[in-house]
Amino acid sequence: MQEIKKINDSVSLNNFQSKYLGKNSILCYYFSKLVTLNISERIKCSTILNSFKQKIKNKIYKKKIKLKNNKLINQKNKYFIDYTLPGRKMERGSLHPITMIMEEIIEIFNYLGFNIYYGPEIENKYYNFDALNIPHNHPARNISDTFWFNSNYVLRTQTSSMQIRVLEKNPGPIRAIIPGKVYRRDYDHTHTPMFHQIEGLIVDESISFSNLKWILENFVIQILKKNIKIRFRSSYFPFTCPSAEMDIQDKNGNWLEILGCGMVHPNVLKTCNIDGNVYSACAFGIGIERIAMLKYSISDIRCFFENDIRFLKQFV
Ligand code: DAH
């Protein structure tokens with residue numbers, strides 16, 4: 001009894017148990033000697049031994065419970081939870097900067113009477129290339145520039161594919177914008193494999209290049225909220241003629257291309273059964289990330305898609 005009082009851990013308790021109740025214990029030895037006694041002595045001694053055995057068993061049982069409780073108390077103290085501490089604050093979410101710019105741009109064009117259309121990101125080569133007058137040997141069709149699913153389907157490389165779908169469905173006049181994601185095999189500080197464009201298309205009886213210029217100039221002033229230097233640079237796109245690109249000067253004096261535009265090519269109008277004698281059309285494709293980079297002075301486009309909360313927080 002003295003011995004068990006001092007025990008403080010389960011290993012010692014197990015040792016204690018085998019010492020007093022195990023096969024080689026003194027108790028077991030005495031039990032084995034019972035057969036040598038006569039019957040009355042045997043009854044007397046076995047009663048004593050059994051009550052002794054029961055007493056030890058009880059003590060061990062109680063000790064076991066005590067050790068278990070001690071362990072729980074220790075754990076509780078170790079992992080103490082203070083329920084009175086204030087809770088963790090829920091972070092408030094916000095729109096992604098690209099979504100915000102996109103909505104702003106849509107609003108500007110809505111105000112000018114443009115309707116908004118959305119199209120598929122998985123596009124067939126007819127809409128992405130053929131109907132846009134892009135020749136079969138054009139490098140844009142190359143596997144190194146475009147994500148092809150098979151010989152017919154691509155991840156659209158430009159929202160211009162939607163020009164065709166809109167022209168097919170609407171007899172004209174048309175004022176359409178098509179925002180969305182586009183995909184190209186590109187990756188550096190001004191290119192990511194996925195980026196956003198807004199396509200614009202105007203079809204009417206006497207649409208000219210000056211209408212296009214006016215719209216784009218005013219769009220830039222509204223979105224960047226300052227009188228920024230712009231220039232139109234003559235360019236080439238298979239689906240427009242004449243074609244131009246619009247550049248904007250950043251604060252370091254560098255010219256940054258933000259959109260392509262032009263008068264819709266007669267071949268495209270013909271493919272879509274638009275009567276070129278009645279209607280003329282102009283179109284433009286704006287790079288959303290480029291606008292956002294200029295507006296917020298961001299030098300690396302990849303920031304938009306890395307999901308770094310420190311970057312995104314600045315637009316809340
Ligand atoms: N689709 C062209 C591109 O991704 C941009 C573009 C150029 C769109 C001229 C147009 C356009 O609508 O008229 O580079």
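Below, a trainee and a mentor talk through a predicted model and its ligand.

Trainee: How should the model be read?
Mentor: In this predicted model, local features need pLDDT of at least 70 and side-chain atom pairs count only at pLDDT 80 or more, while totals for chains, interfaces and linings use all residues. Side-chain values use heavy atoms, with hydrogens and water left out, and residues are numbered from 1 along each chain as its sequence is written.

Trainee: Which residues come nearest to the ligand?
Mentor: A residue counts as near when one of its heavy atoms lies within 4 Å of the molecule. Of the 15 residues around the ligand, the ones that come nearest are Gln 158, Ser 160, Arg 184, Gln 197 and Glu 199.

Trainee: How far is an oxygen atom of the ligand from an N or O atom in the side chain of Gln 197?
Mentor: A polar contact is a pair of N or O atoms within 3.5 Å. For Ser 160, a side-chain N or O atom is 2.9 Å from a nitrogen atom of the ligand. For Gln 197, the distance from a side-chain N or O atom to a ligand oxygen is 2.9 Å.

Trainee: How much of the ligand's exposed area does the protein bury?
Mentor: Accessible areas come from the Shrake-Rupley method with a 1.4 Å probe. Taken alone, the ligand exposes 350 Å², and the share of this that the protein buries is 91%.

Trainee: How far apart are the C-alpha centres of domain 1 and domain 2?
Mentor: The bounds, which come from an automatic or database domain assignment, give domain 1 as 2-78 and domain 2 as 97-315. Their C-alpha centres are separated by 87 Å.

Methods:
Polar contact = N/O pair within 3.5 Å; in protein donor to acceptor, adjacent residues only side chain to side chain.
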